Amino acid sequence: MTRVLSCIQPTGEVHLGNYLGALRNWVIGQDKADVFHGIVDLHALTVTEKPGVLGANTLQLAAMLFAVGLDPDIATVFVQSHIVEHSQLGWIMECTVSFGELSRMTQFKDKSAKREAEFVSAGLFTYPALQAADIVLYDANEVPVGDDQRQHIEITRDIAIRFNHRFGETFVIPKAVTPASGARVMDLQNPTAKMSKSGDDDSGVIYLLDTPAAIEKKFKRAVTDSDSEVVFDRERKPGISNLLEILAASTNTTPQKAAESYTRYGDLKSASAQAVIAMLSPIQAKYDELLRDKAELMRLIHKGNDRARAVASATLERAHKSIGFLGCN
Ligand code: TYM
C-alpha cells in the first residue's frame with residue numbers, strides 16, 4: 001500500500017491555500033493509502049519566541065485537521081515534537097546535506113529576507129534537513145503538498161539518495177504530489193504572491209475560520225485586472241485567474257470551465273465567495289464541536305503519536321544500523 005506523509009506548521013490560522021493546496025488532498029488520500037500527517041511544531045519553533053503559543057496552536061490545528069475530514073481511525077495525525085525520532089534523524093540529515101544546497105532554498109531566502117530586522121535562527125536555514133527527516137522516517141512514497149513545497153521535496157530526494165549511496169539502501173525515495181487546481185492559491189490583494197499566513201496584511205488571505213461576511217468582503221475587494229474580460233490566463237490576468245482557480249477548486253471543475261459562466265468581474269467575485277462559504281461552513285461547525293472536548297482531542301493525538309512512533313523508531317534504528325554506530329549491528 002502506498003505510504004503518504006505530509007505536514008503543516010502550527011503558525012497562525014489555516015488559510016484557503018493550505019486547504020486547497022494540501023489538506024483537502026490529505027482527506028481524499030486517506031481512503032486510498034496509509035497516511036501520516038504531522039503538526040510540525042519543531043519547524044514552527046524556527047520563528048516562535050513566545051512561551052505557550054506553540055501548544056495552543058497545535059491543539060487548534062489538530063481540531064482543524066479532524067474538522068476538514070481526517071478520520072482518526074484510518075489517518076495517523078501526530079505532533080512532531082512528541083516523536084523524538086524527528087530531531088534525531090534531523091541531525092543525521094543535516095550531516096547529509098551541504099551548506100550550498102541549503103543556501104539555494106528559495107523559502108529560506110524569502111523568509112530570512114522578510115525577517116531582516118528580526119532574529120534569523122540557524123534552524124530556519126537547516127529547516128529542509130528536518131523536513132527530509134519527517135518524510136523519510138515514514139518510508140513515504142508520496143508527499144501531497146502545494147507548489148511552494150516542491151523544492152523541499154526535491155532536496156529530500158537528494159538527501160535520501162545520498163544517504164543510501166553512502167551507507168546502503170535505507171530510505172524510500174519520495175515524490176511530491178500537487179493538486180490539479182489549488183496548488184498555488186494567490187493573495188487576493190496581491191495575486192502575484194502566494195496566499196500566506198506570514199504576510200503583515202491579511203486582507204487578501206481567506207482563513208478557514210473567517211465569517212461569511214468577512215469572506216464576502218475579502219472577495220469583493222479582491223484585486224482584479226485592467227480590462228473586463230473573464231478568461232483564465234495566469235500571466236496576463238493573475239487576479240481573475242486566481243479567482244477562477246479558487247472557484248474551480250471549490251466546485252470541482254476546471255478554471256477554464258468556470259470562466260465560461262461569467263462575463264462580469266462582480267459576478268465572478270460573488271460566486272467565488274459563495275462557493276468558499278459553502279465549502280467552509282461544515283468545516284467551521286465541526287471545528288467548534290471538536291474544540292469543545294479538549295480531552296478527546298488529546299486522546300486522538302496520543303493515538304496518532306503511538307502509531308507514528310512505532311514507524312519512526314523502526315526507521316531510525318535502520319538508519320543507525322546502516323551508519324554503523326557502535327552497538328547497532
Ligand atoms: P506550511 O505549514 O507552510 O503549509 C502547509 C501546506 O499548505 C500548502 N500551502 C499552499 N498551497 C497552495 N497555495 C498556497 N498559497 C499555499 N500555502 C501553503 C503547502 O504547500 C503545504 O503543503 N515546510 C512545510 C511543512 C512541512 C512538511 C514536512 C510538509 C514540514 N515537514 C514534511 C510536507 C512533508 C510548510 O511549511 O508547510
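Colleague: How do the residues of the shell around the ligand divide into nonpolar, polar and charged?

Modeller: A residue is in the shell if one of its heavy atoms lies within 4 Å of the ligand. Ala, Val, Leu, Ile, Met, Phe, Trp, Tyr, Cys and Pro count as nonpolar, Asp, Glu, Lys and Arg as charged, and the others, Gly among them, as polar. On that basis the shell has 12 nonpolar, 11 polar and five charged residues.

Colleague: What pLDDT do local features need in this model?

Modeller: Residues are numbered from 1 along each chain as its sequence is written, and side-chain values use heavy atoms, without hydrogens or water. The model is predicted: totals for chains, interfaces and linings use all residues, side-chain atom pairs count only at pLDDT 80 or more, and local features need pLDDT of at least 70.

Colleague: Which residues come nearest to the ligand?

Modeller: The ligand has 28 residues around it. The nearest of these are Gln9, Tyr127, Asp134, Asp148 and Val185.

Colleague: How much of the ligand's accessible area does the protein cover?

Modeller: Start with the polar contacts (pairs of N or O atoms within 3.5 Å). Ligand oxygen atoms are 3.1 Å from an N or O atom in the side chain of Asn18 and 2.9 Å from a backbone N or O atom of Gly146, while a ligand nitrogen atom is 3.1 Å from an N or O atom in the side chain of Gln149. Accessible areas come from the Shrake-Rupley method with a 1.4 Å probe. Of the 720 Å² that the ligand has on its own, the protein covers 96%.

Colleague: Which elements give two or more residues to that shell?

Modeller: Helices (H or I, at least four residues) and strands (E, at least two) are DSSP runs, numbered from the N terminus. Those that give two or more residues to the shell are strand S1 (3-8), helix H1 (16-29) and H7.

Colleague: Is Leu16 buried or exposed?

Modeller: Leu16 is in helix H1. Contact means heavy atoms within 4.5 Å, and Leu16 touches residues including Val185, Met195, Ile206 and Met279. Buried means under 20% relative accessible area, exposed over 50%, partly exposed in between (1.4 Å probe, protein chains only). With a relative accessible area of 0%, Leu16 is buried.

Colleague: Whose backbone oxygen lies 3.1 Å from a polar side-chain atom of His37?

Modeller: His37 sits in strand S2 (residues 34-39). At 0% relative accessibility, His37 counts as buried. Among the residues that His37 touches are Val4, Trp26, Leu70 and Phe78. The backbone oxygen at 3.1 Å belongs to Ser6.

Colleague: Why do the buried residues of H4 line one face of the helix, and within what arc do they fall?

Modeller: In helix H4 (residues 85-94), the buried residues are Glu85, His86, Leu89, Gly90, Ile92 and Met93. They line one face because, seen down the axis, they fall within a limited arc, taken from the directions from the helix axis to the C-beta atoms. That arc is 165 degrees.

Colleague: What covers those buried residues of H4?

Modeller: The cover comes from both a strand and helices. It includes strand S3 (76-79), helix H7 (122-136), helix H8 (150-167) and helix H13 (294-323).

Colleague: What is the relative accessibility of Asn252?

Modeller: Asn252 is in the loop between helix H10 (238-251) and helix H11 (255-260). Its phi is positive, about 55 degrees, although Asn252 is not a glycine. Asn252 counts as exposed, with a relative accessibility of 69%.

Key
A polar contact is a pair of N or O atoms within 3.5 Å; within protein, one must be able to donate a hydrogen and the other to accept it, and residues adjacent in sequence count only if both atoms are side-chain atoms. Lists of a residue's contacts leave out its neighbours within four places in sequence.
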